[in-house]
Amino acid sequence: MRDKIRKIIPVAGLLILIVLFSLTTDGKFFTWRNLQNIVMQASIALVAAVGTVFVMAHNNLDFSLGGACALSSVLAYLCSGGNLWLFIILAIVFGVCCGLFSAVVHIYGRVPAFMGGLCLMFAGRGVAQTASASRNMMVTKAVALNNFWVFLAVVAVVFGVGYFIFNFTKVGKFQKLIGTNPKATELSGVSVDKYKAIAFVISGVTLGIASTLALSRSLAVTGNTGLNLETDVLLALSLGGIAMAGGSATRIRSAIIGVLTYYILNNGMLLWGMNPDYVDIVKAVFFLATVSISIDRSEYDLIA
Amino acid sequence: MAETILKAEHMFKEFGATKAVTDVTIELRQGTVLGLVGENGSGKSTLSSMIAGVYPPTKGQMTYMGAAYKPGSVLEARKAGIQYLTQEQGTIDGMTVAENMFLGEEDSFGKGGMVNMRRLIARAKEILNENGLAHVDPSQPIEKYSFEDRKMIETARSLSKQPDILIIDETTTALSKKGVERIYEIIAEQKAKGTAILIISHDLSEVQHLCDEVMILRDGVFIDLLHGDDINPDNMRQKMIGREFEGSYYRADFECTHGDEVVLSAKHLTVDGAFRDISFDLHKGEILGFGGLSDCGMHEVLKTVFGAIKPTHGSVTLTEGGIKIHNTTTSVKHKIAYIPKDRDKESLFQPTSIKDNIVASSLDKIRKWIYISPRAERKMANEQAKIMEVKMQSVMQMAKDLSGGNKQKVVIAKWLANDSRIFIMDCPTRGIDVGVKAKIYRLMEDFKKQGISVLMVSEEMMELIGMADRIITMKDGRQTGEFMRSESLSEADIIQKII
């Protein structure tokens with residue numbers, strides 16, 4: 001019973017927020033324009049979150065997202081010379097390189113992957129700020145992509161493919177087994193290192209796509225590209241009820257539920273006319289409340 | 001009759017819809033050793049856990065030394081004089097031996113929150129010496145010592161204050177011969193001192209040897225209380241499963257029978273720090289057993305053959321295709337199965353469905369390009385669970401909710417699903433009741449008939465002698481002898497080579 005409540009909380013929280021904001025914003029929340037707005041804001045984090053779920057399923061945390069987004073955007077811009085299509089391909093390629101960096105540090109260095117992630121977070125930010133200080137990295141053509149339907153299509157495809165891989169292929173299934181018991185996974189004839197690396201590659205691909213979406217919203221790579229992406233994604237996934245230690249309880253729907261909750265909360269409160277500084281405080285309180293109800297604590301129990 | 005120390009009357013315990021114990025009455029008397037036997041899931045551990053304060057009964061009442069007894073926790077029961085030794089590790093890594101020994105009692109070694117470490121260590125040393133653990137340094141971190149030493153430290157701790165009741169729950173299954181003997185000595189000493197002792201064990205000859213009376217449980221219900229000559233393995237086994245065994249327990253034949261064809265050969269295998277220069281050939285349809293003490297390196301030999309440990313020297317080769325094994329992926333791809341000794345840590349995905357456990361190694365069989373259909377998974381899992389007769393509500397149930405024997409059935413089902421041709425089994429019947437044990441032995445005989453080979457390690461000599469076509473003995477990491485299956489082969493022959 002408590003298990004069921006725990007599983008329902010993230011969805012219930014999302015529905016309650018939707019109802020609450022529909023009733024209290026004089027209809028401003030439920031306008032087509034506002035809903036479009038929410039989807040476009042949420043898209044970047046949602047695409048990145050889909051890849052992050054694979055990494056979290058095998059029990060790693062990824063702190064690299066923001067830095068990796070900045071780094072791959074800068075490198076993709078410099079190598080593509082401002083050509084949009086080349087930028088998209090290169091952003092994905094460099095995104096994968098960032099994922100592989102975390103994977104190599106984790107697998108060969110035998111340290112938790114978030115260590116490599118932290119390196120990328122700082123290095124990526126540094127590179128982006130240095131590069132943006134000396135040159136203007138505009139890709140004006142990207143305005144063509146800054147369209148609700150394009151964003152919706154990208155999100156649908158990324159989530160659909162992610163859902164399929166996560167639930168119906170070896171890659172997804174093995175992530176969950178590794179998160180549950182890495183030793184037993186290896187002793188079942190599965191190369192744990194290989195499948196962990198694949199998770200980071202997937203996370204790199206979604207990051208590259210997220211970088212492209214970020215570019216099409218701001219039309220330029222700047223020192224702030226991808227800022228706070230890792231925190232947004234991790235907070236959103238927690239709101240979506242993701243299993244913190246990965247394993248069989250991990251569900252990819254946490255990405256969609258969590259990211260929507262996160263951005264709707266933001267949006268609704270701004271519609272209320274709340275001071276943005278207070279919005280952050282309310283977000284923190286909401287986060288604490290949801291997570292403390294929905295998180296699976298069995299691993300912290302003294303006697304199981 | 002000796003004086004009753006604790007009486008638990010009409011005890012019931014339910015976990016949700018599961019009735020673990022139903023209306024059982026048990027009496028523990030001064031200086032008397034009571035054995036509690038039954039299959040996995042018969043309610044033995046549940047009953048003793050209630051007495052030890054792990055959790056309260058759903059219904060029932062306990063009287064201890066004439067007064068009503070309702071322990072709120074293990075610590076409370078311990079303070080009242082009831083000590084509970086389990087098969088799991090009861091010590092905490094990262095703390096010293098001495099700190100572990102006086103956990104919760106630090107106050108008696110100082111005041112105002114300060115602990116006098118010197119006195120604590122001195123007292124720990126005293127207790128360790130009294131218990132034949134003079135080699136243990138109490139100021140060292142506990143994880144420096146082997147599982148066996150830690151178990152003995154825990155035992156010494158629980159006896160540091162004379163208990164009135166001592167409960168020993170399958171403690172001996174994880175110990176070597178020396179440790180087991182030490183536990184037997186302790187039981188004899190405590191019995192002489194008038195302690196009431198409750199023993200839970202799957203080893204029926206151990207029960208026969210130690211107990212004054214034996215209570216049999218089946219499906220949480222009291223079946224019988226045995227005394228004197230009625231306490232013998234055959235009688236107990238029958239009462240436990242509620243029917244007679246068909247045929248014999250182990251193999252009935254005494255022939256060394258197998259094909260001539262070599263399926264796998266290990267050449268000069270060495271793993272530094274574990275074993276040296278081990279070579280053998282495994283034949284088609286052969287059961288090859290390794291015997292030795294727990295630390296002789298035999299467990300590591302099996303892991304190396306499976307590809308889970310990289311050998312320092314030597315190689316493992318499959319005859320078919322001349323495949324060299326260097327990782328677990330290769331061995332599973334070529335139909336080798338590995339059943340580890342430590343089921344919970346190394347082979348089972350506990351908070352995961354039985355289905356996902358069973359299909360884990362065979363996804364390539366049901367995969368269509370990259371798509372794995374949930375229906376095909378369920379079908380495969382259902383088929384294999386049926387063959388192994390796993391007691392469950394559905395394959396979607398969590399593996400952690402199964403009893404030990406059924407967990408092992410799930411692990412075996414995983415490898416049957418992959419059509420394994422070589423089974424590497426490390427103590428396959430450890431901590432498992434007779435019913436499932438017999439099932440595993442019959443399965444091994446079937447394997448022989450189908451030409452499937454088995455490489456097995458066992459710490460039970462009788463099991464090796466009873467099942468293996470050939471036994472290789474090991475001592476201190478070296479091969480010391482080889483025995484062919486024969487009727488005259490005795491435990492003594494083997495023990496001579498391993499000690």
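This report looks at the nonpolar cores, one strand pair and the two domains of chain B in a predicted model.

Let's start with the cores. The largest nonpolar core holds 161 residues, and the members that touch the most others are Val47(A), Ala49(A), Val259(A) and Ile424(B). Helix α2 of chain A (residues 32-57) supplies the largest share of this core, at 14 residues. Another core lies apart from it, with 44 residues, including Leu28(B) and Ile199(B). As a rule of thumb, nonpolar side chains in soluble globular proteins tend to be buried together.

Now for Ile424(B). Not counting neighbours within four places in sequence, Ile424(B) is in contact with Leu302(B), Val305(B), Phe306(B) and Leu455(B), among others. The contacts of Ile424(B) also include Ile336(B), Ala337(B), Tyr338(B) and Ile339(B), and those four residues sit in strand β15 (residues 336-339) of chain B. Ile336(B) and Tyr338(B) point one way from β15(B), Ala337(B) and Ile339(B) point the other way, and all are buried. Side chains in a regular strand alternate between the two faces of the sheet. β15(B) runs parallel to strand β18 of chain B (residues 422-426), and four bridges join them. Across from Ala337(B) you'll find Phe423(B) in β18(B).

Next, the domains of chain B, as given by the domain assignment:

| Domain of chain B | Residues |
|---|---|
| domain 1 | 4-241 |
| domain 2 | 262-498 |

Their C-alpha centres lie 32 Å apart. Twelve residues of domain 1 of chain B are in contact with twelve of domain 2 of chain B. On the domain 1 side, helix α8 of chain B (residues 233-241) gives the most, with three residues. That side has two nonpolar, six polar and four charged residues.

Note on methods:
Residues numbered from 1 in each chain as written. Chains lettered and ligands numbered in written order. Predicted model: local features only at pLDDT ≥ 70, side-chain atom pairs only at ≥ 80, totals over all residues. Core = buried A, V, L, I, M, F, W, Y, C linked by C-beta atoms within 7 Å. Buried ≥ 20, exposed ≤ 12 C-beta atoms within 10 Å, placed from the backbone. Helix = DSSP H or I, 4+ residues; strand = E, 2+ residues; numbered from the N terminus. Contact = placed C-beta atoms within 7 Å. Pairing = 2+ DSSP bridges. Domains from an automatic or database assignment. Nonpolar A, V, L, I, M, F, W, Y, C, P; charged D, E, K, R; others polar.
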